[in-house]
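The following exercises concern the structure displayed below. Each consists of a task and a solution worked in steps.

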Amino acid sequence: MSKTIVELKDVYKTYDDGFTALKDISFKLNQGEFYTLLGPSGCGKTTILQSIAGFTEVTSGEVLFDGKRINDIPANKRQLNTVFQDYALFPNMNVFENVAFGLVVHDIKKDEVEQRVHDALKMVQLEKYANREISELSGGQQQRIAIARAIVNRPKVLLLDEPLSALDAKLRKDMQYELRELQQQLGITFLFVTHDQEEALAMSDEIFVMNKGEILQKGDPVDIYDEPINHFVADFIGESNIIPGKMVADFQVAFLGHQFECSDAGMRPNEPVEVVIRPEDLVITTPEKGKLQVKVDTQLFRGDYYEILAYDEQGNEWLIHSTNATKDNSIVGLTFGPNDMHIMRYNESEAKFNSRLESYED
Amino acid sequence: MAMKKSFKGLFYTPYILWLAMFVIAPVALIIYYSFFDIHHQFTFSNYRVFFESGTYLTMTANSVLYAFLITVISILISYPMALVISRLKHRDLWILLVILPTWINLLLKAYAFIGLLSRDGLVNNLFEFFGIPAQQMLFTDASFILVAAYIQIPFMILPIYNSMTDISDSYIRASSDLGATKWQTLTKIIIPMTMPGIKSGIQIVFIPSLSLFMLSRLIGGNKIITLGTAVEEHFLTTMNWGMGSTIGVVLIISMVVVMLFTNTKRKGRRS
């Protein structure tokens, strides 16, 4: 296992007006991995970033860097760098001067500054832009310069605060690949903050899903997507159908008046639960063959699939992704296998959730 | 389209009239008068006298020196003050307190200072209380410069303060994040980024300081003859409007020069 580089221990952040931005945050970041803090705006993800960068003081708890407590160390003495949401490129300096800033303030020799700025610009494929003014760059180029400026100091950890949010969809996708590649090339830890679940799923080694100042679930993208801990995570990550049900026994769940075989266990008999089925796991078939019958309401063509909205007899909404179109207002059957369902308990803590999963998996 | 244009013209008219009557016409008149001597004869002698007799050149040098000192002192006081105020919680209130004195008539403020600085004024009373002998403060260069700087400080603080509040917090954070100390952030980020504010402050303060005739008379005790006092003398006492206008033209030209020097347009730098 690789070395822990950043650690947060029982961190709380409460503002003067009583608002609690962070509640009992604890996690470890290993060297050379790509982490993402994912959550809606105002969930505290940027506050975590700022407390690691040194822009905000935590109310209690410890922030450790390389094993040492850094709570009281000012931002300019911390060996990590930040890529800001608005890039914060200094408008009074050109590209070279911006990237060189972190070296110049450390009194590094001119030849070395030039070499390192050149290398950093090469990393982001903008080595020919050294003499440009910031105002002459496009949004995507400014983004790259901001990254070059942040890596020129060779930090052990790079913090990225929603860096892709100002770019258009196509550029954002390209930058996702590039950031991932850059992180692997540099071999340093990235802590990436975003509210975009697609970004998080595409790039991360590990995702921390946050809401209201708490980390709800940690895990790799596949685990988080396939086994969300609760309604919020299931709803926030990807699209999902969430239906209330009842756990009849281990591997047996009942909802909408039917009993189904499932792949989850470890709950009390007849415990009320929520069942998650992802839209792409539902298969449309004839009403007779279907496990459930729904009436198609609307269909949207999404390019690579149709997004079909349907309602069952009880009036629950069903979202289905299908490569084929179906007829509006027709009754169709839906099938799904035991592994397509994921069962969630109400108010289960992450620790209990993980140990329960371990108890019956593998 | 034609209708729209005439409609637009309606809005321009007051401004153009104002400009013509109160800016272009007076400047044109000043230039016109500067070419006539005291006997209403067309002449260049006013300019010759200005540049040949040492009096006027010394006067100009004096005015520039005083205006320069007043401007520098205002910057030295205003910049840190603006920096502190821009970081305060109730900064709008504090900046209002800075602006407040500008609502009081200049003459009134000048008389207030006479009261404070005179031989048996408040300041000397305080000095005596602490056992320091009374000083002659009124009618000295130092008191003139300090009072003038006091008058000008709000006009210097405002543009600097505005340019400071325009700086996004993330620039300061970025600077510190990259390892800059507070001092480096101030000299490499904050000061260069507030340069436009400093420059407009200089524009607002320097030119009026060249011709502060009321203060030089009341606080400087008429010992300090600046271009302003000379203009006043020529128009009101010696009735030599031509010479007065010539000094006016010189003041206008120096204003243009200052404007050019403090042009905020950023030149493309190359590293």
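Chain A has nine helices and 20 strands, where helices (H or I, at least four residues) and strands (E, at least two) are DSSP runs numbered from the N terminus. The model is predicted: local features need pLDDT of at least 70, side-chain atom pairs count only at pLDDT 80 or more, and totals for chains, interfaces and linings use all residues. Residues are numbered from 1 along each chain as its sequence is written, chains are lettered from A and ligands numbered from 1 in the order in which they are written, and side-chain values use heavy atoms, with hydrogens and water left out.

**Exercise 1. Overall description**

Task: State the span of the C-alpha trace of chain A and the share of its residues that are buried.

Solution. Step one: along the principal axes, the C-alpha trace of chain A spans about 75 × 45 × 40 Å. Step two: of the 362 residues in chain A, 52% are buried; buried means under 20% relative accessible area, exposed over 50%, and partly exposed in between (1.4 Å probe, protein chains only). Step three: among contacts in chain A (heavy atoms within 4.5 Å) with a separation of 6 or more, 66% are made by residues 24 or more positions apart.

**Exercise 2. Helix H2 of chain A**

Task: Determine how many residues of H2(A) are buried, and what covers them.

Solution. Step one: H2(A) comprises residues 95–104, and eight of its 10 residues are buried. Step two: these are Val95(A), Phe96(A), Asn98(A), Val99(A), Ala100(A), Phe101(A), Gly102(A) and Leu103(A). Step three: the cover comes from both chains, including helices H3 (110–123) and H4 (139–151) of chain A and helices H8 (169–177) and H9 (182–210) of chain B. Step four: at the start of H2(A), a side-chain oxygen of Asn94(A) comes to within 3.2 Å of the backbone nitrogen of Phe96(A).

**Exercise 3. Nonpolar cores and the cavity**

Task: Identify the residues with the most contacts inside the largest nonpolar core, and the residues that line the largest cavity.

Solution. Step one: a nonpolar core is a set of buried Ala, Val, Leu, Ile, Met, Phe, Trp, Tyr and Cys residues joined through side-chain atoms within 4.5 Å. Step two: the largest has 60 residues, and Leu8(A), Ile25(A), Phe27(A), Ile48(A) and Ile52(A) have the most contacts inside it. Another core, of 36 residues, lies apart from it and includes Phe34(A), Leu160(A), Phe190(A) and Met203(A). Step three: beyond its neighbours within four places in sequence, Ile52(A) has contacts that include Val6(A), Val63(A), Ile70(A) and Arg78(A). Step four: the largest cavity holds about 30 Å³ of space. Its lining consists of Ser51(A), Thr56(A), Glu57(A), Val58(A), Val63(A), Ile70(A), Asn71(A) and Arg78(A). On a 1 Å grid over the protein atoms alone, a cavity is a set of points where a 1.4 Å probe fits but cannot get out, and lining residues have an atom within 4 Å of a point. Grid points are joined across faces, edges and corners, and a volume is the space filled by probe spheres set on the points.

**Exercise 4. Positive phi**

Task: Locate Asp66(A) and Gln125(A) and classify the exposure of each.

Solution. Step one: Asp66(A) is not a glycine, yet has a positive phi of about 55°. The residue lies in the loop between strands E4 (60–65) and E5 (68–69) of chain A, and counts as partly exposed because its relative accessibility is 23%. Step two: Gln125(A), also other than glycine, has a positive phi near 60°. Gln125(A) occupies the loop between H3 and H4 of chain A and, at 53% relative accessibility, counts as exposed. Step three: E9(A) and E10(A) form a hairpin with two residues between them, and Lys212(A) in the turn has a positive phi of about 50°.

**Exercise 5. Two buried polar residues**

Task: Which backbone oxygen does the side chain of Asn81(A) reach, and with which residues is Glu199(A) in contact?

Solution. Step one: Asn81(A) belongs to strand E6 (residues 80–83) of chain A and counts as buried because its relative accessibility is 3%. Step two: its side chain reaches the backbone oxygen of Asp177(B) at 2.9 Å. Step three: Glu199(A), in helix H6 (residues 197–203) of chain A, is buried at 4% relative accessibility. Step four: leaving aside neighbours within four places in sequence, Glu199(A) is in contact with Leu164(A), Arg172(A), Gln176(A), Phe192(A) and Thr194(A).

Methods:
Polar contact = N/O pair within 3.5 Å; in protein donor to acceptor, adjacent residues only side chain to side chain. Pairing = 2+ DSSP bridges. 1 Å grid on protein atoms, 1.4 Å probe; cavity = no way out; pocket = protein on both sides within 12 Å on 5 of 7 lines; lining within 4 Å.
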